[in-house]
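Reader: I'd like a close look at one part of this model, starting from a single loop residue and then moving on to the helices and aromatic rings. Could you walk me through it, with the cut-offs spelled out as you go?

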Amino acid sequence: MSLRHGLLGLLAEGPASGYDLARRFSEALGLVWPARHPQIYLELNRLESAGLIEVDSHGPRGRKAYRITGEGRAEVRRWLTEVDVDHTFRMETLFRSYFFWLMDADDLAAHLASEEEFYGELAHRLRGYAEGKDRGEWGTGRQARAMRIALEAGIRVNEALADWARWARETDPMTAEDFGVPKPADGE
């Protein structure tokens with residue numbers, strides 16, 4: 001994903017200022033694609049120069065609200081339908097796990113318990129949002145339905161990560177004496 005297309009997608013919901021977009025980006029997409037205010041403002045200037053967005057209105061202290069243009073809407077649709085998905089998965093939790101061998105057993109157990117708790121709580125919170133959407137609290141339009149699909153992915157990924165941390169803590173492959181030793185089949 002690119003910041004460009006995320007901003008275009010958010011502007012397809014309706015006009016917004018850079019500040020509003022930064023807040024919405026953080027709330028809706030921050031867990032999967034973080035973006036800082038300076039990055040957002042720089043990209044808004046690029047999008048405006050490219051004719052993909054335009055200024056909708058001016059507010060106090062030079063605040064601008066932007067809206068997506070027809071070209072911008074076409075670009076975000078092109079990205080959704082024609083551009084190959086980048087399936088790389090940059091996640092510090094998993095990156096760090098490769099180096100768990102450098103931790104002592106107590107620190108690793110505490111870390112894994114913390115990860116299990118974090119991902120379990122996040123999945124629970126996302127499940128609450130999903131239940132609200134399922135009751136129609138946030139509308140029933142296409143945007144709400146797409147957000148529900150995204151929420152379900154977030155729920156499942158976070159539940160899987162909580163399960164992974166629990167497995168690693170309970171199985172303890174770092175200190176288990178029988179790790180990597182073939183186990184006899186039942187009845188042998």
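**From one loop to the helices and rings**

Author: Let's start at R61, which sits in the loop between β2 and β3. Those labels come from DSSP runs, numbered from the N terminus: helices are H or I over at least four residues, strands are E over at least two. Before going on: this is a predicted model, where local features need pLDDT of at least 70 and side-chain atom pairs count only at pLDDT 80 or more, while totals for chains, interfaces and linings use all residues. Residues are numbered from 1 along each chain as its sequence is written, and side-chain values use heavy atoms, with hydrogens and water left out.

R61 isn't a glycine, yet its phi is positive, near 55°. Its relative accessibility is 82%, so R61 counts as exposed (exposed is over 50% relative accessible area, buried is under 20%, partly exposed lies in between, using a 1.4 Å probe and protein chains only).

Past that loop comes β3 (64-68), and then helix α4, residues 70-82. Does its length add up? Its 13 residues should span 18 Å at 1.5 Å a residue, and the end C-alpha atoms are indeed 18 Å apart; the expected span is 1.5 Å times one less than the number of residues. Which residues of α4 are buried? They are G72, E75 and V76. These cover an arc of only 95° around the axis, so they fall on the same side of α4, where the arc is taken from the directions between the helix axis and the C-beta atoms. As background, an α-helix has 3.6 residues a turn, so residues three or four places apart point the same way. Over on the other side of α4, G70, E71, R77, T81 and E82 are exposed. The buried residues of α4 pack against α1 (3-12) and β3, with contact meaning heavy atoms within 4.5 Å.

That leads us to α1, which is mostly covered, with 7 of its 10 residues buried. The buried ones are L3, H5, G6, L7, L8, L10 and L11. What lies over them includes β1 (16-17), α2 (18-29), α3 (37-49), β2 (53-58), β3 and α4. After α1 comes G14, with a positive phi near 150°. G14 turns up again among the contacts of R24, a residue of helix α2. If you set aside its neighbours within four places in sequence, R24 touches L10, E13, G14, P15, A16 and L29. With 17% relative accessibility, R24 counts as buried.

Now for the rings. Phe, Tyr and Trp rings (the six-membered one for Trp) pair if their centres lie within 6.5 Å; planes under 30 degrees apart make the pair stacked, over 60 edge-to-face, and the rest tilted. By that rule there are 5 aromatic pairs. One of them is F100 with W164, a stacked pair at 6.5 Å centre to centre with 25° between the planes. It ties distant parts of the chain together: F100 is in the loop between α5 (92-97) and α6 (105-134), W164 is in helix α7 (residues 142-171), and they are 64 residues apart. F100 is buried at 7% relative accessibility, while W164 is partly exposed at 22%. F118 and Y119 have ring centres 5.0 Å apart and planes at 85°, so that pair is edge-to-face. F118 is partly exposed at 43%, and Y119 is buried at 6%. There is also an aromatic cluster formed by F95, Y98 and F99.

F100 and W164 both show up in the lining of the second largest pocket, alongside S97, Y98, W101, L108, L112, W167, A168, D172, P173 and M174. The elements giving two or more residues to that lining are α6 and α7, and α7 gives the most, with 3. The second largest pocket holds about 170 Å³ of space. On a 1 Å grid over the protein atoms alone, a pocket is an open set of points with protein on both sides within 12 Å along at least five of seven lines, whereas in a cavity a 1.4 Å probe fits but cannot get out; lining residues have an atom within 4 Å of a point. Grid points are joined across faces, edges and corners, and a volume is the space filled by probe spheres set on the points.

D172, from that lining, is found in the segment after α7. D172 is not a glycine, but its phi is positive, about 50°. It is partly exposed, at 28%.
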